[in-house]
Amino acid sequence: MTRGDKLLVLLIMVSAIMSAYVLLCNRSNKDSSHQAVISVEGLVVRTITLSRETPRQDFVINGKVGKTDIEVQGRRIRVRDAHCNNRICVRQGWIDKPGESVICMPGQVVISIEGAAPVDAVTR
Amino acid sequence: MTGWKALLACLLLVAVMVYAWKHPSEVEYSSQQFLMDTFVTVKVYGSDRGHLQQSVNEAFGEMRRIAELADHFPQAGTAAYRASDVCAINEKAGIRPVRVHSDTITMLTLARQYAELSHGAFDPAIGAVTDLWNFSGDNPVIPVSESIRQRLKLSGFRYLTVNRDNSTVYVRKKGVKLDLGASAKGYATEKAYQILKRSGIDKALIDAGGNIRTIGTNREGKPWKIGIKDPRREGGLIGTVSVENGSAVTSGDYYRFFERDGSRYHHILDPRTGYPGNHTMSATVVTQDSALADILSTACFVLPPSEALALATGLKEVDLLLITSDKKIIHTPTLTGRIEINPNSGYRYDQGR
Amino acid sequence: MLSSAPAPDRRIVRLSLLIAMGVALHVVESMFVLPLPVPGARLGLANIVTVLALYLYGVRDGLLVAVSRVFLGSLIGGVFLSPAFFLALGGSLCSTLTMGLFMRWKWFSVVGVCLAGAAAHNCGQLLAARVLLKNSAVIYYLPLLLVAALPTGLFTGFAMQSLLKKLRSAGITLK
């Protein structure tokens, strides 16, 4: 075995450990945070990372029929108030799981949480 | 010197491998639109992004076209009113047959056929009664029983004549109104599916506000896993069903409803009584054709559970899952093995029923 | 008898023998599988005949032996054009090319060449699995496959080292 061979053994071992480390770090990051995507009339207007470290905040989105007041708290998000007539979006309350969404039909505002969802779609 | 050449070649090999990894043969394209009073998502997989995008746009166009034909909401005189076959038919009810588009003929033929088969548990000519309840309005009220009785006389698929040879539809009594709210979405979804299929797409999911139609398998090569909504818990699922090349449609009492004196009044009316059905919280139909699934989910929702199961069992390759008002989950035996029920959902589930 | 034959004929006979041995090893090897989500991932011990072909006749014949071995071995094993076939093809193409490169690099002995070949073999299999499954999550198997490449690479490397020594002393010219 030459010195090059020995270095190669070392290199393979190091890259195995490095790749394991990088992959595990990535995985745990993915588990602990999701993206909330907010869109109006099909166009994304804002994305927010939802993780334990996300501070409580609220902001206003201009929907098709008026203002939609959105609140973020750690890993969850909701429509706190809305100027639509049925207010189904407000009644729906908090969402926090990937694949879940709040849809305000009159305002055409959609908040959806993206990430590895446990199902492909929901029949409802 | 050859050492350095080899190093360069090595780097090239690694670069090729990384490129091959990052650019798999398959890409995802998904798009969302508000259509038919709901939120529609189409997700497709394939190798050519431009082709995927074009196919999805065509599918949306097809859905919009069907939605316009079947729309019964627009005000008289508007462009939407003139575009709607259903509005034209309703306007000429009791006057004369109306020439309509071949899609309207297909939709109404199917609707009439299953209205008959379900003995009126599904009925496309129930517009007079739904208008009375006005669930789509801001302030729904319970109509007085006398006016419901009056309107029931102006409702029923038996007034509907579909003439395939002349492409005409005639509603034989004035005041009787078609309302395709329980079947147009399914038909539009099926037509969108056909567009995608014809353009060669072999992996896709159409989600039209919970009406699901799939092609092939999901990204992992497994059957699409479709969650079944818990009718009483927002965001909750009672379980999942696997759907490969098929459709899953649910009718539930939680979508448009109001409560008075502790009773729930929702938008799925029993065409035979004129009141909301009360045997079932939700009915999920799994079958190939989405138009059929939409119709049958309404019929099975309205029917008493035993009759709903009998209806589904009597049809070929139609699966049904019911969540009854007494919190029981029952389904056709053919669904066993394709569904997973969440044991902590709080509903009673006797396996093998 | 073989040494008295003209060189081109000798080459063809030798390559045929290598392919035949490679097919036998390939079939035996399919009894020990690596844990990948696609069935049929292999250790890469059959690489040993590819290395021999590389040292006797160079990269082109190395590739010929490797590819023929995969095609014939899969036909015999009844997995032709199945996932296992594509894994083996991806693995042996990658490893043959890599070993062809490492051979020219004087820093490495045949042990290093085989080590690099084993690592490349497993990466090639992973790449094939990614294309087959259309799922990038298979990359989580990369560390495991790299570690698995160490023993197989060293084993084929030391086996080749003693074999090449014997060939050299028998007066056979090597690349």
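Select Asp69(A) first: opposite Asp69(A) stands Asp81(A), a residue of S5(A). The model on display is a predicted one, and this tour moves from the strands of chain A across to chain B.

**Chain A: successive hairpins**

Keep the selection on strand S4 (residues 66–73) of chain A and add strand S5 (residues 76–82) of chain A. These two strands run antiparallel and are joined by 6 bridges. They form a hairpin with 2 residues between them, and in the turn Gly74(A) has a positive phi of about 60 degrees.

Next, add strand S3 (residues 57–63) of chain A, which runs antiparallel to S4(A) and is joined to it by 7 bridges. Here too the two strands, S3(A) and S4(A), make a hairpin with 2 residues between them. Display Gly63(A) to find its bridge partner in S4(A), Gly66(A).

Now show the whole of chain A. The chain holds 2 helices and 8 strands, and from the N terminus its elements follow the order α-β-β-β-β-β-α-β-β-β. Colour the chain by burial: of its 124 residues, 25% are buried. Among contacts between residues at least 6 apart in sequence, 31% join residues at least 24 apart.

**From chain A to chain B**

Which residues of chain A and chain B should be selected to see the two chains pair through strands? Choose S8(A), residues 121–123, and strand S8 (residues 224–229) of chain B. The two strands pair in the parallel sense over 3 bridges, and Thr123(A) stands opposite Ile228(B).

Widen the selection to the full contact, to which chain A brings 16 residues and chain B 25 residues. On the side of chain A that touches chain B, S8(A) gives the most, with 3 residues. That side comprises 6 nonpolar, 6 polar and 4 charged residues.

**The open sheet of chain B**

Proceed to the open sheet of 9 strands in chain B, whose order is S1-S2-S6-S7-S10-S13-S14-S15-S17, with mixed pairing. At its edges are S1 (27–35) and S17 (348–349), each of which pairs on one side only. Within the sheet, select strand S2 (residues 38–46) and strand S6 (residues 204–208) of chain B, which run antiparallel and are joined by 5 bridges. Val42(B) stands opposite Ile206(B) in S6(B). Then add helix H8 (residues 184–198) of chain B, which packs on the sheet and touches S2, S6, S7 (211–215) and S10 (247–252). The direction of H8(B) makes about 20 degrees with that of S7(B).

**The nonpolar cores and helix H9(B)**

Select the largest nonpolar core, of 109 residues; Ile295(B), Leu296(B), Ala299(B) and Cys300(B) touch the most other members. Helix H9 (residues 290–302) of chain B gives the most to this core, with 9 residues. Centre on Ile295(B): its contacts, not counting residues up to four places away in sequence, include Leu110(B), Tyr114(B), Phe122(B) and Ala182(B). Apart from this core lies another, of 52 residues, among them Ala16(A), Tyr55(C), Ala66(C) and Ala149(C).

Finally, display H9(B) with helix H10 (residues 305–313) of chain B. They pack at an angle of about 150 degrees, with their axes 7 Å apart. H9(B) is therefore roughly antiparallel to H10(B). Leu296(B), Ala299(B) and Cys300(B) of H9(B) make the contact with Ala308(B), Leu311(B) and Ala312(B) of H10(B). By class, this contact has 6 nonpolar, no polar and no charged residues.

Technical notes:
Residues numbered from 1 in each chain as written. Chains lettered and ligands numbered in written order. Predicted model: local features only at pLDDT ≥ 70, side-chain atom pairs only at ≥ 80, totals over all residues. Contact = placed C-beta atoms within 7 Å. Helix = DSSP H or I, 4+ residues; strand = E, 2+ residues; numbered from the N terminus. Nonpolar A, V, L, I, M, F, W, Y, C, P; charged D, E, K, R; others polar. Pairing = 2+ DSSP bridges. Core = buried A, V, L, I, M, F, W, Y, C linked by C-beta atoms within 7 Å. Buried ≥ 20, exposed ≤ 12 C-beta atoms within 10 Å, placed from the backbone. Axes fitted to C-alpha atoms, helices over the stretch in contact; angles between N-to-C directions. Parallel < 35°, antiparallel > 145°, perpendicular 65-115°, else oblique.
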